[in-house]
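Grab a pencil and work through a few exercises on the structure shown below. Try each task yourself before reading its solution.

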Amino acid sequence: MERGGSGAVRVAVVELPGSNCEAETRMALLAAGVRADIVRWNEEPRTLAGYGGYVLPAGFSYQDRVRAGALAAKETVLEIISEAAAAGKPVMGICNGCQVLVEAGLVPATRPGEVEMALAPNARPGFHCRWVFVKHTARPGRCRLTRALGDGEVLPIPIAHAEGRFRTTSSSLVAELGRRDQIVFRYCDARGRVREDPDVNPNGSVDNIAGLCNADGNVLALMPHPERAAWLRQVPDGLSSPWADRRAVARGDLGRAEAEGPGRRLFSAFS
Amino acid sequence: MDSAVVLRVRLRVPDTVALSAEDVLRRKMGYGPRVGGLRREDWWRFEVETDDPARAAGRVETWAARCTALVNPNKHRARIEAVKDWPPGTTEAEVMILVRDREDVRARSMLGFLTDTLGASDLRSLASGTLWILRPGAGERDGRALAEEIAITRSRTSGLLANPHAQVVEVWA
């Protein structure tokens with residue numbers, strides 16, 4: 001186990017077999033002022049349960065065997081996280097972590113414990129790895145982990161997945177999620193327009209869903225990678241975004257380039 | 001008239017996916033000896049423009065021999081079965097579980113490759129899936145019920161092989 005950070009809350013970045021973004025996720029938490037440790041999935045349950053929050057980082061848990069997130073969802077650590085979530089602790093799942101939370105029934109959890117959605121293969125087949133835009137579509141404060149984001153705020157952020165398409169067989173669930181304000185992020189264009197266009201909605205998710213929270217708002221599952229957008233230096237050239245303009249100004253200036261990137265505020269919400 | 005052919009492809013080396021699934025079912029989901037064994041195969045269903053099933057099988061054999069994404073002879077064993085014989089008779093000791101994506105992007109992509117690259121203009125349609133072969137444990141009286149229970153994921157503690165929101169399941173016992 002690695003330890004570090006200085007904030008009041010200690011967050012566990014849970015390393016599952018096949019996780020590959022635990023280090024940068026922890027760095028993003030530390031940069032946001034949150035104490036964070038990388039904790040292996042098979043750590044003593046009592047140790048795991050002692051954390052004040054949890055992040056399931058990106059990667060390929062169990063090599064995506066059977067289905068992305070399916071095997072990890074059966075691990076004891078998910079039982080512990082499920083109990084922690086029920087007790088109100090904040091939980092975030094990024095990319096593969098998002099798939100695990102959905103397969104474990106922690107999100108959207110309109111009927112707690114039930115698996116209500118799937119992350120299906122992208123509508124355009126293959127592994128898509130690029131920057132996209134997402135819009136914060138939940139009202140500010142609805143989701144504990146996006147409380148620092150403004151109403152309708154647009155973030156440039158990277159995606160990297162082959163199975164990121166939120167879908168459900170329920171004819172009413174998506175409308176219900178909209179009514180309950182659980183659709184935290186939707187894919188949009190650079191101007192914040194939520195459009196059903198493969199260049200905007202990279203995986204064909206229903207209702208352009210990029211991230212969902214649970215009914216209590218303390219569990220967030222999102223397919224994009226905020227840990228890869230936590231520093232200004234990570235924002236690429238050529239994006240049509242004020243973030244890219246700031247990045248251009250910071251070029252060649254390490255001090256400025258180390259400033260906050262668009263994804264960092266999701267981590268600061270843990271403090 | 002078209003003839004349909006099923007191509008079944010299994011690994012010649014240990015199948016870590018099937019081994020992991022079996023381990024999770026037995027140890028983490030509490031099935032223990034109720035699950036006697038679990039194997040896995042790739043399943044493809046070809047619809048070929050011919051009324052001669054033997055010719056259809058020959059065409060599929062030709063395509064499979066030229067596309068390692070279907071069959072890689074270094075690691076796979078394949079067999080071709082006429083659809084009229086499908087599902088093949090299961091033994092009392094085995095239950096077959098076919099899991100298919102509701103939106104079969106894998107087959108769509110493969111169909112594009114076979115027609116565009118290999119000139120398979122007589123290939124009318126293609127479907128894909130994963131065929132799981134479950135051997136219920138000794139004393140397990142209802143293999144079909146066990147197969148349905150482990151196949152369809154309803155909660156964190158119930159079901160594993162398919163997420164019904166993205167996949168469909170057929171069981172033959």
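The exercises below go from chain A as a whole to its sheet, one of its helices, and then chain B. Keep in mind that this is a predicted model.

**Exercise 1. Find out whether the radius of gyration of chain A agrees or disagrees with that of a compact globule.**

Solution. Start with the length: chain A has 271 residues, and for that number a compact globule would come out near 18 Å. Next, take the value for chain A, which is 17 Å, so the two agree. For a feel of the dimensions, the C-alpha atoms fill a box of roughly 45 × 45 × 35 Å along the principal axes. Then look inside: 55% of the residues in chain A are buried. Finally, check the contacts with a separation of 6 or more: 78% of them in chain A link residues 24 or more positions apart.

**Exercise 2. Work out which strands stand at the edges of the open sheet in chain A.**

Solution. First, list what you have to work with: chain A holds eight helices and eleven strands. Nine strands form the open sheet, in the order β2-β1-β3-β4-β11-β10-β9-β6-β7, with mixed pairing. Now read off the ends: β2 (35–40) and β7 (154–161) each have a single partner strand, so one side of each lacks a neighbour in the sheet. Neighbouring strands are also turned against each other, by 25° on average if you ignore direction.

**Exercise 3. Zoom in on β6(A): how many bridges join it to β7(A), and how many to β9(A)?**

Solution. Take β7(A) to begin with: it runs antiparallel to β6(A), and eight bridges join the two. One example is A:Lys135, whose bridge partner in β7(A) is A:Val154. Now turn to β9(A) (residues 183–188): its pairing with β6(A) (residues 128–136) is also antiparallel, over four bridges. Here A:His136 stands opposite A:Phe185. As an extra step, count the cover on β7(A): six of its eight residues are buried, making the strand mostly covered.

**Exercise 4. Decide whether helix α4(A) is enclosed or open, and say what covers it.**

Solution. Recall the cut-off: a residue is buried if 20 or more other C-beta atoms lie within 10 Å of its own. Eight of the eight residues of α4(A) (residues 96–103) are buried, so the helix is largely enclosed by the rest of the structure. Among them are A:Asn96, A:Cys98 and A:Glu103. Next, find the cover, which includes β3, α3 (76–86), β4, β5 (118–120) and β11 of chain A. Just after the helix comes A:Gly105, with a positive phi of about 75°.

**Exercise 5. Describe the side of chain B that touches chain A: which helix gives the most residues?**

Solution. Begin with the counts: 21 residues of chain B are in contact with 24 residues of chain A. On the chain B side, α1 (16–28) and α3 (105–116) each supply at least two residues. Of these, α1(B) gives the most, with six residues. Sort the chain B side by type and you get nine nonpolar, seven polar and five charged residues.

**Exercise 6. Is B:Ser158 buried or partly exposed?**

Solution. Locate B:Ser158: it sits in the loop between α4 (143–151) and β6 (167–172) of chain B. Count its C-beta neighbours inside 10 Å: there are 15, so B:Ser158 is partly exposed. Lastly, look along the chain: B:Met29 is 129 residues away, yet the two C-alpha atoms are separated by 7.8 Å.

How values were computed
Residues numbered from 1 in each chain as written. Chains lettered and ligands numbered in written order. Predicted model: local features only at pLDDT ≥ 70, side-chain atom pairs only at ≥ 80, totals over all residues. Rg over C-alpha atoms; globule rule 2.2 N^0.38 Å. Buried ≥ 20, exposed ≤ 12 C-beta atoms within 10 Å, placed from the backbone. Contact = placed C-beta atoms within 7 Å. Pairing = 2+ DSSP bridges. Axes fitted to C-alpha atoms, helices over the stretch in contact; angles between N-to-C directions. Nonpolar A, V, L, I, M, F, W, Y, C, P; charged D, E, K, R; others polar.
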